[in-house]
Amino acid sequence: MEQGRRRFLRSSGGLIGALVAAGFIGIDEVRAEAWNAAAFESKDLDQLIRNLGGSGAKATDAIEIVAPDIAENGAVVPIGVASKVEATEAIAIVVERNPNPLAALFTIPPGTLPALQTRVKMAETCNVVVLIKAAGEFQYAAKEIKVTIGGCGG
Amino acid sequence: MANPMKIRARMIGDIVEVKVLMSHPMETGLRKNEAGEAIPAHFIQTVLATHAERTVLAAQWGQAVSANPFLSFMFKGGQKGDVIRISWTDNKGDSRSDETTIA
Amino acid sequence: MSPYTLARLRRWSAWLILLLSSVTAGENAAEEGGNPTAAPIGQRATDESSQKAVDEIAKYRQMLEEGNPAELTELQGEALWRTASGPQGASLEQCDLGLGPGNLDGAYARLPRYFADTDRVEDAESRLVTCMMQLQGYSREEATRDWYKPNSKIEALTTFVAARSKGHAIEVPATHPREAQMVRIGEEIFWRRSGPLDFACATCHSLDGRRIRLQDLPNFLTAEGAKSSMVTWPAYRVSQSAVWTMERRLIDCVRQMRWPEPDYLSEFLIALQIYLQNKADGAVMQGPGIKR
């Protein structure tokens, strides 16, 4: 029973996502988001934006990325995000050179600040792109983070 | 049931700051064990944070979120003594739910 | 020394220098021509770009400090401490870590130390194993099985015990004659050159301001160097997704020197630990750290 429902939710993730994006289902009504497999399997930013229901993204400096320039180890890279764009409803953290660039996708309900912190894996030195959705439009900012090979334990 | 997470929630002015530490291997499916076999992907896919029956954060994660994930976020509308609940489910169908009171 | 041995030494030294001198500027040990008695190896972190790198690494480390997965390991360790287990069906709550049965606060900061009941100088890990054997009835093999694997009982218990010394000053005066003897042995090991690379701990850890790639090498000859390092162990290693105990860390140092790895809980490891802890005497334990 549970398995069947989970399978249904997984496969209809795209549909629910689209309905939410179109405003047909409110955030509060979605108890648990279905996993957007297409988005997580996107191989580049353009494909990802399309899989999130967009057609393009504008660069902006209204997204603040708080992260070190150098990560001592690519397994854990701390990323802080703060969007100053009004009505930010979703934030995505994208690691450009990862096998699957989309690392995390957050839905920001009204009342929640469009600011958060998490940690992602980076396969190699590259841009970390923070993509946001506000008022139906996608915007982004990027920051290059260098991933080093350490010398020894520390 | 999976290992418990550590949740801290406190008031900063009228904002609730939540910090969560989850216990999860977040296997990418790309690593190999000593025998050379690929370790299957095992990672948290959805996260839900609720307060007073309302979702305050929803997230979808991929394998690239680090092992033993850390998450920090902020929302308005909560106050000291309220309960915050964080739940996650992973790609194997395992799940975990924990709560804390706002300090 | 035969010409063959000298040639082999030169080849090893050249390879080693190439490996370690991957950052430009600073002293070039290659100019020494592979002389086995050349100055200690390591790049001096003095130029501007190196300083910026050092600052960014500091920022990386600082951002990781809150939300340390070691906190979860600590909770697991506490559960193991309090849960009845083993053939004798007892918990570890009566374990004597040096301050009397069950007294945890500050115990880790006072280890290694001499224990009369085992007539040995013991560190936290060997003491935990002693308790698992004496109180819970496990054999040594059972207690130490897979200790080095992520999420092991030893990892969790050591993290828990160490966390209970957070805020306590390291107190390892090594006044007991057996403790003093172990410190001398540890010092001997520290300076002993061995293995195919002819390395000693001192090769990397006896000068200020040195690093290998982006890892600063603490100078363990100084109290400052020893203190800055010892107060951060055990630590969650992000590259391993696990908390590494002090013995685990030391075994890996030894491995990196291409020496044969010492046995778990061996005198070798306890001697090195007490030598370092004695040097770090007085520094305040910061609780389980988080590192690359």
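Student: I'm looking at strand β4 of chain A. Which residue stands opposite Val81(A)?

Tutor: Ile65(A) stands opposite Val81(A) in β4(A). Keep in mind that this is a predicted model.

Student: How many bridges join β2(A) to β4(A), and in which sense do they run?

Tutor: Four bridges link β2(A) with β4(A), residues 77-83, and the two strands run antiparallel.

Student: What is the strand order in the sheet that holds β2(A) and β4(A)?

Tutor: Read it from one edge across: β2(A)-β4(A)-β7(A)-β5(B)-β2(B)-β1(B), an open sheet of six strands with antiparallel pairing. The edges are β2(A), residues 63-66, and β1 of chain B, residues 6-12, each pairing on one side only. From one strand to the next, the twist averages 15°.

Student: Let's try chain C. What is the order in its open sheet of three strands?

Tutor: There the order is β7-β6-β8, and the pairing is mixed. At the edges sit β7(C), residues 242-244, and β8(C), residues 289-291. On average, neighbouring strands here are turned by 35° against each other, ignoring direction.

Student: Which pair of strands in that sheet is antiparallel, and over how many bridges?

Tutor: Take β6(C), residues 235-237, with β7(C): they pair in the antiparallel sense over three bridges. To find the register, look for Arg237(C), which stands opposite Ala242(C) in β7(C).

Student: Now helices. Which residues of α9 in chain C are buried?

Tutor: The general idea is that an α-helix has 3.6 residues a turn, so residues three or four places apart point the same way. In α9(C), residues 223-230, the buried ones are Gly225(C), Ala226(C), Ser229(C) and Met230(C). Looking down the axis of α9(C), you find them within an arc of 110°, so they line one face of the helix.

Student: What do the buried residues of α9(C) pack against?

Tutor: They pack against α11 of chain C, residues 267-279.

Student: And the core: which residues of the largest nonpolar core touch the most other members?

Tutor: That core has 136 residues, and the ones touching the most other members are Ile93(A), Val94(A), Ala104(A) and Val120(A). Leaving out residues up to four places away in sequence, Val94(A) touches Leu45(A), Leu48(A), Pro101(A), Leu102(A), Ala103(A), Val129(A) and Leu131(A).

Student: Last one: how many residues of chain C are in contact with chain B?

Tutor: Six residues of chain C are in contact with nine of chain B. On the chain C side, they divide into two nonpolar, two polar and two charged.

Key:
Residues are numbered from 1 along each chain as its sequence is written. Chains are lettered from A and ligands numbered from 1 in the order in which they are written. This is a predicted model: local features need pLDDT of at least 70, side-chain atom pairs count only at pLDDT 80 or more; totals for chains, interfaces and linings use all residues. A nonpolar core is a set of buried Ala, Val, Leu, Ile, Met, Phe, Trp, Tyr and Cys residues joined through C-beta atoms within 7 Å. A residue is buried if 20 or more other C-beta atoms lie within 10 Å of its own, exposed if 12 or fewer, and partly exposed in between; C-beta atoms are placed from the backbone. Two residues are in contact if their C-beta atoms, placed from the backbone, lie within 7 Å. The arc is that of the directions from the helix axis to the C-beta atoms. Two strands pair if DSSP finds at least two bridges between them. Axes are lines fitted to C-alpha atoms, for helices over the stretch in contact, and angles run from 0 to 180 degrees between N-to-C directions. Ala, Val, Leu, Ile, Met, Phe, Trp, Tyr, Cys and Pro count as nonpolar, Asp, Glu, Lys and Arg as charged, and the others, Gly among them, as polar.
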